[in-house]
Amino acid sequence: MNVISSASESVLDGVRSVFLAGPFMGLVNPETNSMPSAEQLPFLTLIEHFEKQGLEVFNAHRREAWGAQVLTPEECTPLDQLEIRKADVFVAIPGIPPSPGTHVEIGWASAFDKPIVLLLEEGREEEYGFLVRGLGTVAAVEFVHYKDIALAKPQIDAAIRKVVDRVNNPAATP
């Protein structure tokens, strides 16, 4: 898969769009039909960061109003899969405990040969599933270990650049 550059380059050369995945329905409070603000913050931080760079961001959390406008499984499943196909890069917070939906999306991104960046909570790496930790053996993956998503934005950008370069120039990478 080649990511094509356009005239309006972001800081992330050649990247025009990102699919941002992470735990969702398990975090929605059934009484308020919304994700708590603290749970929304990492996603809002990354959405804003990517959009400031001119990237289109596909994100189910925002699309479904943080739980207030949840789509049916028959609506969201094909839509998420289509948006992953359309995105230049896939970025995900796998979740602890693991998010089943996010893990399905990680599988789709891998099957579609997307450049993947996985954001893992620092110090909790052993809590992620073996297949998540080993995904780099079968797919183009960069891992970013973070304590605070906002502070990890430079590392996330560097990981995106690195994995996109690896996908676009496989002969140039060791």
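Two strands pair if DSSP finds at least two bridges between them. The exercises below apply this to a predicted model.

**Exercise 1. Which residue in β2 is the bridge partner of Phe19, and over how many bridges do β1 and β2 pair?**

Step 1. Start with the strands. β1 and β2 pair over three bridges, in the parallel sense.

Step 2. Find the partner. Phe19 has Phe58 as its bridge partner in β2.

Step 3. Turn to β3. There, Phe19 stands opposite Phe90.

**Exercise 2. Work out the strand order of the open sheet and find its edges.**

Step 1. Take β1 and β3. Four bridges join these parallel strands. One partnership links Leu20 to Val91 of β3.

Step 2. Move on to β4. β3 and β4 run parallel and are joined by three bridges. Here Val91 has Val117 of β4 as its bridge partner.

Step 3. Write down the order. The open sheet has five strands, arranged β2-β1-β3-β4-β5, with parallel pairing.

Step 4. Read off the edges. β2 (56-58) and β5 each have a single partner strand, so one side of each lacks a neighbour in the sheet.

Step 5. Add the twist. From one strand to the next, the twist averages 20°.

**Exercise 3. Sort the side chains of β1 and β3 by the way they point.**

Step 1. Recall the rule. In a regular strand, side chains alternate between the two faces of the sheet.

Step 2. Apply it to β1. Ser17, Phe19 and Ala21 point one way, and Val18 and Leu20 point the other way.

Step 3. Check burial in β1. Five of its five residues are buried, and the strand is mostly covered.

Step 4. Repeat for β3. Val89 and Val91 point one way; Phe90 and Ala92 point the other way. All of them are buried.

**Exercise 4. Locate the largest nonpolar core and name the elements that build it.**

Step 1. Give the count. The largest nonpolar core has 30 residues.

Step 2. List the residues with the most contacts inside this core. They are Phe50, Val91, Val117, Leu119, Ile156 and Ile160.

Step 3. Assign the elements. Two or more residues come from each of β1 (17-21), α1 (37-52), β3 (89-92), β4 (116-121), β5 (141-146) and α6 (153-168). The largest share, six residues, is from α6.

Step 4. Zoom in on Val117. Leaving aside neighbours within four places in sequence, Val117 contacts Phe90, Val91, Ala92, Glu142, Val144, Ala159, Ile160 and Val163.

Step 5. Look for another core. A second, separate one has 19 residues, including Phe58, Phe90, Leu118 and Val132.

**Exercise 5. Place helices α4 and α6 against the sheet.**

Step 1. Take α4 (residues 100-111). This helix packs on the sheet and touches β1, β3 and β4. Its direction makes about 155° with that of β3.

Step 2. Take α6. This helix lies across β3, β4 and β5. Relative to β5, α6 runs at about 170°.

**Exercise 6. Describe how α1 packs with α6, and how α3 packs with α4.**

Step 1. Choose the descriptors. Two packed helices are described by the angle between their axes and the distance between the axes.

Step 2. Apply them to α1 and α6. The angle is about 60° and the axes are 12 Å apart. These helices are therefore oblique to each other. α1 passes α6 in a right-handed crossing.

Step 3. Name the residues that meet. From α1 come Thr45, Leu46, His49 and Phe50; from α6 come Lys153, Ile156, Asp157 and Ile160.

Step 4. Now take α3 (residues 73-86) and α4. Their axes come within 10 Å and cross at roughly 40°. α3 and α4 are therefore oblique to each other. Their crossing is right-handed.

Step 5. Name this second set of residues. Thr77, Asp80, Gln81 and Ile84 of α3 meet Glu105, Trp108 and Ala109 of α4.

**Exercise 7. Does Gln53 count as buried or exposed?**

Step 1. Find the residue. Gln53 lies in the loop between α1 and β2.

Step 2. Use the cut-off. Buried means under 20% relative accessible area. Gln53 has 12% relative accessibility, so this residue counts as buried.

Step 3. Relate Gln53 to Arg16. The two are 37 residues apart in sequence. In space they are 9.1 Å apart, C-alpha to C-alpha.

Technical notes: Residues are numbered from 1 along each chain as its sequence is written. This is a predicted model: local features need pLDDT of at least 70, side-chain atom pairs count only at pLDDT 80 or more; totals for chains, interfaces and linings use all residues. Side-chain values use heavy atoms; hydrogens and water are left out. A nonpolar core is a set of buried Ala, Val, Leu, Ile, Met, Phe, Trp, Tyr and Cys residues joined through side-chain atoms within 4.5 Å. Buried means under 20% relative accessible area, exposed over 50%, partly exposed in between (1.4 Å probe, protein chains only). Contact means heavy atoms within 4.5 Å. Axes are lines fitted to C-alpha atoms, for helices over the stretch in contact, and angles run from 0 to 180 degrees between N-to-C directions. Angles under 35 degrees count as roughly parallel, over 145 as roughly antiparallel, 65 to 115 as roughly perpendicular and the rest as oblique. A crossing is left-handed if the near helix is turned anticlockwise from the far one by less than a right angle, and right-handed if clockwise.
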